[in-house]
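Please open the model in a viewer and keep the selection tool at hand. The stops below are meant to be followed in order.

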Amino acid sequence: MATLSPLFLLLLFHHLAVTVTSIGVNYGTLGDNLPPPTTVANFLKTNTIINSVKIFDVNPDIIKAFANTGISVTVTAPNGDISLLTKIDAARQWVVTKIKPFVPQTKIDYILVGSEVLHWGDTVMVRNLVPAMRTLHSALLAEGITDIKVTTAHSLAIMRQSVPPSAGQFRPGYAKHVLAPMLKFLQETKTPFMVNPYPYFGYNPKNVNFALFRPNRGLVDRNTKLTYTNQFDLLLDAVHSAMKAVGFGDVDIAVGETGWPSVCDGWDACSVANAQSYNGQLVRHLEEGKGTPLMPNRKFDTYLFALFNENQKPGPIAERNWGLFRPDFSPVYDSGILRNAQKPVAPGRGGGETKPLPTPAPAVGEQKWCVPKPDANNEALQANINYVCSQNVDCKPIQPGGLCYAANDVRTLATYAMNAYYQANGRHDFNCDFSNSGVVTSINPSHDNCKI
């Protein structure tokens, strides 16, 4: 009987580990032309790799819309609720009213107590922040809810120093009296410390490639001799060093917001090309699961900012142009989150019966086929079949009685389906990615009477 080599098992484990990286998106609603939450939820489920959303309130319509979708939700208790949440009776009532009606049908991962409180809050709000987090956690437990974590998101204004990253430090006024007690709570509850790193706000034309994940010479930390090739990793490691300096380097980190606007008021930092480079390469970086120089192989739950361009956001033009999508679901650019790099199909569009897309024959001399990778498991391949057959591709040949039907042989069925999709969509390599489970080959996989 054949045995799997240790190297193969290690590679397989790495592949499976990478797939659990959570790539989420911030779902803001400051627009008068945005689609309804149920349509948004369906779009994200059917067209993207997004597996979590973060909202800036506890909007019941949005929370309800994501019920039974497989997409989890992070909600935010407004800054104005912080004082209220320091009292256990009020906190329990808040949970009963705003959270309990929606779980477990909607999977809520985190409740954020306020948003960037240390940046925008007054002295009383800052003083109440950690007590409110502890009380809300106790209120959840008292109501029988044990799987929702409590944290809060910080701007990097909490940092006194970020360069070199190994010498990262929190601002002294917050380090001892707010952040250390908060990190102690997060350590006790096994909850990540959430930060909002934005390389955009540190834009320097001389270091644009470093900010945008483009090829560059890198930056060497003089203390650790580690080389950084992008600013995102540098900022996360600076936060990690600051956490370590106050005794909590073992607490995980989550990224609450990060992104790049595609348009602004004449500043050369903003362009579709720059936004696509930052967000697209960030998604790829996260999916690779390599972590950072100081935190190798660490996974970071990350929420891209933002889902839509929101036309009612106040401030400069850039504030209305952070979106990955327009309100009609057309992408502003290819950010890498569309499933199998496909053009999105807006839910509810069109009407009547649609015919399956034809499978064009490849031109002579450039024949290629899309087939499953040898290490692709049956679960992934079945998901590929389900996806392809929902995308208006003719799957009759792999249904019972079809020429390519093979009972209980998922790999054979997936070979037909994946290739049919690849051929129907232009035979681009990215059409054969299938979440890293497909590969292009020049060997014809046709067999018996099944012409693939």
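A pocket, as the word is used on this tour, is an open set of points on a 1 Å grid over the protein atoms alone, with protein on both sides within 12 Å along at least five of seven lines. The model on display is a predicted one.

**The second largest pocket**

Begin with the second largest pocket, which holds about 770 Å³ of space. Select Glu116, Tyr198, Glu257, Phe305 and Glu319: of the 28 residues in the lining, these are the closest to the centre of the pocket. Next, colour helices α5 (117–120) and α9 (231–245), each of which supplies at least two residues of this lining. Colouring the lining by class gives 13 nonpolar, 9 polar and 6 charged residues.

**From the pocket to a salt bridge**

Keep glutamate 257 selected and add lysine 54; their side chains form a salt bridge, with an N to O distance of 4.0 Å. Which parts of the chain does this pair tie together? Lysine 54 belongs to strand β2 (residues 52–54) and glutamate 257 to strand β11, so the salt bridge links parts that lie 203 residues apart in sequence. Searching the whole structure yields 9 salt bridges.

**The barrel**

Now display the strands as a cartoon. Eight of them close into a barrel in the order β1-β2-β3-β4-β5-β8-β11-β12, with parallel pairing. From one strand to the next, the twist averages 25°. For a view of one pairing, select β8 (residues 193–196) and β11 (residues 253–258), parallel strands joined by 3 bridges. Within this pairing, valine 195 stands opposite valine 255 of β11. Then add helix α6 (residues 123–142), which packs on the sheet and touches β4 (108–115) and β5 (149–155). The direction of α6 makes about 155° with that of β5.

**Two cis peptide bonds**

Return to phenylalanine 305, one of the residues closest to the centre of the second largest pocket. A cis peptide bond, with omega about 10°, joins phenylalanine 305 to alanine 306. Alanine 306 sits in the loop between β12 (302–304) and β13 (369–372). Another cis peptide bond is seen on selecting valine 163 and proline 164, where omega is about -5°. The loop that contains proline 164 runs between β6 (159–161) and β7 (169–170).

**A positive phi**

Move to asparagine 68, in the loop between α3 (60–65) and β3 (72–77). Its phi is near 60°, a positive value in a residue other than glycine.

**The cavities**

Turn next to enclosed space. The structure contains 2 cavities of 30 Å³ or more, and the largest cavity holds about 70 Å³. Which residues should be selected to find the centre of the largest cavity? Of the 12 that line it, His285, Leu286, Gly291, Arg298 and Phe300 are the closest to its centre. Helices α9 and α10 (272–288) are the elements that give two or more residues to this lining. By class, the lining of the largest cavity comprises 3 nonpolar, 5 polar and 4 charged residues.

**Last stop: proline 397**

Finally, select proline 397, in the loop between α11 (378–389) and α12 (410–424). Beyond its neighbours within four places in sequence, proline 397 is in contact with Gly402, Leu403, Cys404, Tyr405 and Tyr416. Draw the C-alpha to C-alpha distance from proline 397 to tyrosine 416: these residues are 19 apart in sequence and 8.4 Å apart in space.

Technical notes. Residues are numbered from 1 along each chain as its sequence is written. This is a predicted model: local features need pLDDT of at least 70, side-chain atom pairs count only at pLDDT 80 or more; totals for chains, interfaces and linings use all residues. Side-chain values use heavy atoms; hydrogens and water are left out. Two strands pair if DSSP finds at least two bridges between them. Helices (H or I, at least four residues) and strands (E, at least two) are DSSP runs, numbered from the N terminus. Axes are lines fitted to C-alpha atoms, for helices over the stretch in contact, and angles run from 0 to 180 degrees between N-to-C directions. Contact means heavy atoms within 4.5 Å. On a 1 Å grid over the protein atoms alone, a cavity is a set of points where a 1.4 Å probe fits but cannot get out, and a pocket is an open set with protein on both sides within 12 Å along at least five of seven lines; lining residues have an atom within 4 Å of a point. Grid points are joined across faces, edges and corners, and a volume is the space filled by probe spheres set on the points. Ala, Val, Leu, Ile, Met, Phe, Trp, Tyr, Cys and Pro count as nonpolar, Asp, Glu, Lys and Arg as charged, and the others, Gly among them, as polar.
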